[in-house]
Amino acid sequence: MEEHLTVGRVAELAEVTVRTLHHYDEIGLVRPSARTAAGYRAYAVADVERLREVLAYRRLGFGLREIADLVDDPATDAVAHLRRLRGLLLDQRDRAAGMVTAIDKELEARAMGIRTTPEEQLRGVGKQLYDTIGSAYPATRRTEPRIAARVWEALGDARTVLNVGAGTGSYEPPDREVTAVEPSAVMRALRPAGAAPCVAAGAESLPFEDRSFDAAMAFSTVHHWQDPIAGLREMRRVARRVVVFTHDATDTGWLHRFWLTRDYLPEVAGLVTGRPSVDRLARAIGARMEPVLIPWDCADGFFEAYWRRPEAYLDEHVRRAISVWTRVGPQAEKRAVDALRADLASGRWAERNPDLVDLDAAELGLRLLVA
Ligand SMILES: C[S@@+](CC[C@H](N)C(=O)[O-])C[C@H]1O[C@@H](n2cnc3c(N)ncnc32)[C@H](O)[C@@H]1O
């Protein structure tokens, strides 16, 4: 008969409280599959395995809701979890080592009476935004084939392709030799088994020689870069051809183009102030610009994807995979979602947006830059 461990024994071995284990059971995160004759919780080998994954993700800083999505993913088996956890832990170790080195340098400088600049002090301590929100990404973010076809066509006959800000690799062409670049350890760890090799780096400083690739692409990432112009110039330097999918957020009509920003989330305007316009981005690399319409049933759950399916924005999983919702902060998010929920229930949303139901695709400022 399979051996079972009591809740007390599991708590002792894992160095967590029995209360924690009861809580995990109550929220369905780790359910002991058996009970002892006396009615106590009893953990089978598979339950312990799942608990180990949960605790390891917890120590890496993931939230319980994100962990539930990760450990419930049927596409990830125990070995894939171990590989991913190993990668994340190594990255954490490297980051800690980097911070120790930076602290040692500063101690040395201070001992010699030299003050470090704020830039030097802050470099390396910041967490990538996607290290915080990345684990929620795979739930709704995947390839939209109609938009992917546009990107792949724009890559022309390129045989070698660099994908910058690659994330989980949703838009990597399957029939070319792809190299990915991604600064977030969490995003790198979420790349599926068999995905293209991925280098840990930022767009602003690509670790490649001039003209190393036939083409460089960047999908839905430029708005996250610290210095978008520098990043695009780097792409230009390392590749003959550059293809960028981004959005036009500086057009005066932009806030009004999409009902979500216009009627519920005007805070988005504050997120784009100071960013270079899409025209400036295009000029920096001498690119032509093509509009990309968003199909009503867009498969990739980015910010504008659900323009004809407003109920989707009420779903927490949908919002957590869209960085805008985290960036505007919990207060604005709650206000916007409550207002949208009320308007959908009362019919006000439908009254305000009568034209959308008949549209198959919408122009919401998404652009393809090709140079
Ligand atoms: C919205 S995701 C898009 C990911 C992927 N291109 C896709 O379409 O699924 C944005 C990505 O940009 C990455 N990123 C953030 N800052 C970056 C930088 N300076 N250079 C390159 N990538 C960056 C994030 O870590 C994240 O993976």
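Two exercises with worked solutions follow, one on the ligand site and one on strand β12.

The model is predicted: local features need pLDDT of at least 70, side-chain atom pairs count only at pLDDT 80 or more, and totals for chains, interfaces and linings use all residues. Residues are numbered from 1 along each chain as its sequence is written, and side-chain values use heavy atoms, with hydrogens and water left out.

**Exercise 1.** Determine which side chains have an N or O atom at 3.0 Å, 3.1 Å or 2.8 Å from the ligand, and what share of the ligand area the protein buries.

*Solution.*
1. The ligand is surrounded by 19 residues (a heavy atom within 4 Å); G165, E182, A203, F219 and T221 are the closest.
2. Polar contacts are pairs of N or O atoms within 3.5 Å. The side chain of Y137 lies 3.0 Å from a ligand oxygen, that of E204 lies 3.1 Å from a ligand nitrogen, and that of T221 lies 2.8 Å from a ligand oxygen.
3. Of the 590 Å² that the ligand exposes when taken alone, the protein buries 95% (Shrake-Rupley method, 1.4 Å probe).

**Exercise 2.** Establish how strand β12 (residues 366–370) is enclosed and paired.

*Solution.*
1. Strands are DSSP runs (E, at least two residues), numbered from the N terminus. Because 5 of the 5 residues of β12 are buried, the strand is largely enclosed by the rest of the structure (buried: under 20% relative accessible area, 1.4 Å probe, protein chains only).
2. L366, L368 and V370 point one way, R367 and L369 the other.
3. Pairing requires at least two DSSP bridges. Strand β8 (residues 239–247) runs antiparallel to β12, with 5 bridges; T246 has R367 as its bridge partner.
4. Strand β9 (residues 288–291) pairs antiparallel with β12 over 4 bridges, and R367 is the bridge partner of P291.

Conventions: Polar contact = N/O pair within 3.5 Å; in protein donor to acceptor, adjacent residues only side chain to side chain. Buried < 20%, exposed > 50% of the residue type's maximum accessible area, 1.4 Å probe, protein only.
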